[in-house]
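Thanks for making time this morning. I would like to walk you through one structure, so please have the sequence and the model open as we go.

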Amino acid sequence: MLLVRKISLVQFKNYPQKIFDFHKRIIGITGKNGVGKTNLLDAIYYLCFTRSYFSSQEQQNVLYDTNGFRIEGLLEKLGQPGKIVCTLKAGKKEISLDDTPYEKFSQHIGCFPAVMIAPDDAEIILGGSEPRRKWLDTMLSQLDNAYLDHLIAYQKILLQRNTLLKQIAESGKNQDALLEILDEQLALHGQPIFDARNAFLPGFNERVQRLYDYLAEAPEHVRIDYSCQLLEMPLIEWLKQQQLKDKMLQRTSAGIHKDDLQFVLNDHPMKTSASQGQRKSFLFALKLAQFEVLKELKNCPPILLLDDIFEKLDEERVSRLVKLVSEDDFGQVFITDTHQERLKNAFGAHADQLQLIVIE
Ligand SMILES: Nc1ncnc2c1ncn2[C@@H]1O[C@H](COP(=O)(O)OP(=O)(O)OP(=O)(O)O)[C@@H](O)[C@H]1O
């Protein structure tokens with residue numbers, strides 16, 4: 001099992017300095033609105049992903065009017081202790097495992113798998129394609145370090161290619177030789193990303209359907225369709241074919257950065273046709289399916305971070321979810337709620353496994 005035993009926060013978000021000890025499998029975090037329940041979940045997420053789930057800019061993670069933070073976590077994975085330290089000092093970030101700093105943070109991703117379910121996740125269905133790609137990338141990066149390395153390289157080369165396209169337009173100079181090199185490199189990293197995304201979704205769909213059936217009230221058919229230009233032809237051919245157009249647009253119009261996922265409910269797009277309840281059930285099914293895959297492929301259940309689920313789901317769905325996460329092989333679960341009694345009652349039958357933390 002993977003367990004967080006202790007976390008120390010210094011100047012992380014609203015915490016000037018705070019230590020939390022965790023000694024049970026299910027951790028209920030309660031306290032009034034705005035006390036820092038979500039921030040505590042985010043700190044745990046940070047230890048696993050080397051970044052915040054909620055804040056895209058590091059400065060947002062630093063306590064107001066200070067200039068750096070430190071998160072230290074003591075974890076236990078399959079009986080082995082591990083110490084992760086994440087610091088931001090004078091704008092410089094450092095991550096270490098057992099006092100050895102990582103040269104590449106990507107090496108850390110997937111070592112301590114975790115899944116977050118949070119209110120903002122509705123964006124995955126309702127927003128543009130970016131949150132869907134981000135969700136898929138987070139999932140696949142945890143499963144395979146090579147995927148993340150390809151993704152980082154792809155994004156870097158994409159930026160270089162777009163810069164070159166702008167330079168060509170501005171200077172009128174022939175830079176075709178360089179463009180060709182970048183095309184080859186982009187294809188080299190883009191093609192395996194496509195392969196991984198394409199291979200992953202069919203099996204994943206079966207899991208999402210099963211979990212949706214468990215959570216939802218009515219039997220409905222749900223699925224995720226992968227939309228990608230590379231389903232038609234390889235990236236290198238797309239890049240060649242689009243070169244003229246790209247020079248005019250001054251950006252790269254083909255590639256896996258254009259991918260999207262279509263969430264479908266009974267053959268209709270979920271974004272426009274699903275009710276709020278159906279969307280919530282689908283999101284939970286999606287995240288729990290992610291949990292299942294990680295558990296199987298990592299041989300260890302991920303840490304599950306559930307933010308505000310009692311506000312989001314009706315009683316029936318909450319009780320099914322509680323039943324699921326209470327199973328002994330589920331791994332460590334952190335749940336936030338403003339109502340201490342509600343949390344206690346929900347886990348009443350498993351009170352021996354529940355540790356309540358009240359944040360004041
Ligand atoms: N960088 C920061 N420095 C100081 N305080 C911050 C920072 N970022 C966020 N906060 C504060 O953290 C608080 C929000 O914390 P959080 O979202 O964890 O609360 P919560 O207990 O989950 O609340 P709710 O029950 O409403 O979901 C807010 O008061 C916000 O002002």
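**Strands, sheets and a ligand**

Let me begin with a pair of strands: β3, residues 26-30, and β13, residues 333-337, run parallel and are joined by five bridges. Within this pairing, I29 has T336 of β13 as its bridge partner. Before going further, I should say that this is a predicted model, in which local features need pLDDT of at least 70 and side-chain atom pairs count only at pLDDT 80 or more, while totals for chains, interfaces and linings use all residues. Residues are numbered from 1 along each chain as its sequence is written, and side-chain values use heavy atoms, with hydrogens and water left out.

As for the terms, strands are DSSP runs of E with at least two residues, helices are runs of H or I with at least four, and both are numbered from the N terminus; two strands pair if DSSP finds at least two bridges between them.

The two strands I started with belong to an open sheet of five, with parallel pairing, in the order β8-β12-β13-β3-β14. At its edges stand β8 (114-117) and β14 (354-358), and each has a single partner strand, so one side of each is left without a neighbour in the sheet. From one strand to the next, the twist averages 15 degrees, taken between axes fitted to C-alpha atoms, with angles running from 0 to 180 degrees between N-to-C directions.

There is also an open sheet of three strands, β9-β10-β11, whose pairing is antiparallel. Its edge strands, β9 (222-227) and β11 (268-269), each pair on one side only. Strand β10, residues 260-265, meets β11 over two bridges, and L265 stands opposite H268 in β11.

Now to the ligand: which residues come nearest to it? They are G34, K37, T38, N39 and V62, out of 16 residues around the ligand, where a residue counts as near if one of its heavy atoms lies within 4 Å.

Among the polar contacts (pairs of N or O atoms within 3.5 Å), a polar side-chain atom of T38 lies 2.6 Å from a ligand oxygen atom, and a backbone N or O atom of G34 lies 2.8 Å from an oxygen atom of the ligand. Taken alone, the ligand exposes 650 Å², of which the protein buries 73%, by the Shrake-Rupley method with a 1.4 Å probe.

Note on methods
A polar contact is a pair of N or O atoms within 3.5 Å; within protein, one must be able to donate a hydrogen and the other to accept it, and residues adjacent in sequence count only if both atoms are side-chain atoms.
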